[in-house]
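The exercises below concern side-chain contacts and solvent exposure. Work through each task before reading its solution.

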Amino acid sequence: MKSPLTDLMQQAQKVQKELERMQQEAVDAVATGEAGGGMVRVQMNGRYELQNVDIDPTLMAEDKTILQALLVAAVNDASRRIEIISKERLA
């Protein structure tokens with residue numbers, strides 16, 4: 001016959017494993033941020049590491065400061081999206 005303490009410990013282990021699974025899902029998440037109507041797109045993982053940058057070739061002929069501003073905006077957009085995904089998965 002199992003004791004109440006044994007049951008409680010088993011439940012705590014299950015909760016811990018579920019929390020670890022949800023944390024891993026949040027880390028594995030990938031979000032795409034964009035700016036300039038999709039002219040600049042970036043992909044970021046759940047560790048907030050930039051994975052990919054895609055720049056519309058027409059921007060290469062533009063002023064450098066425009067491209068820099070769009071790149072910053074796209075990274076910030078991806079960062080916000082990862083934060084939302086993480087909160088949803090850990091809720």
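**Exercise 1.** Find what joins the side chains of Glu 34 and Arg 41, and classify the exposure of both residues.

Solution. The two side chains form a salt bridge with an N to O distance of 3.4 Å; the term requires a side-chain nitrogen of Lys or Arg within 4 Å of a carboxyl oxygen of Asp or Glu. Next, Glu 34 has 33% relative accessibility and so is partly exposed. Arg 41, at 37%, is also partly exposed. Buried means under 20% relative accessible area, exposed over 50%, and partly exposed in between (1.4 Å probe, protein chains only).

The model is predicted: local features need pLDDT of at least 70, side-chain atom pairs count only at pLDDT 80 or more, and totals for chains, interfaces and linings use all residues. Residues are numbered from 1 along each chain as its sequence is written, and side-chain values use heavy atoms, leaving out hydrogens and water.

**Exercise 2.** Locate Glu 83 and Lys 87, and describe their contact and exposure.

Solution. Both residues belong to helix α2 (residues 64–90), four residues apart, about one turn of the helix. Helices are DSSP runs (H or I, at least four residues), numbered from the N terminus. Their side chains meet in a salt bridge of 3.3 Å, N to O. Glu 83 is partly exposed because its relative accessibility is 37%, whereas Lys 87, at 54%, counts as exposed. Elsewhere, salt bridges with shared partners link Glu 18, Arg 21 and Glu 25 into one network.

**Exercise 3.** How many salt bridges does the structure hold?

Solution. There are five. One of them pairs Arg 21 with Glu 18, with the closest N and O atoms 2.3 Å apart.

Terms used
Helix = DSSP H or I, 4+ residues; strand = E, 2+ residues; numbered from the N terminus.
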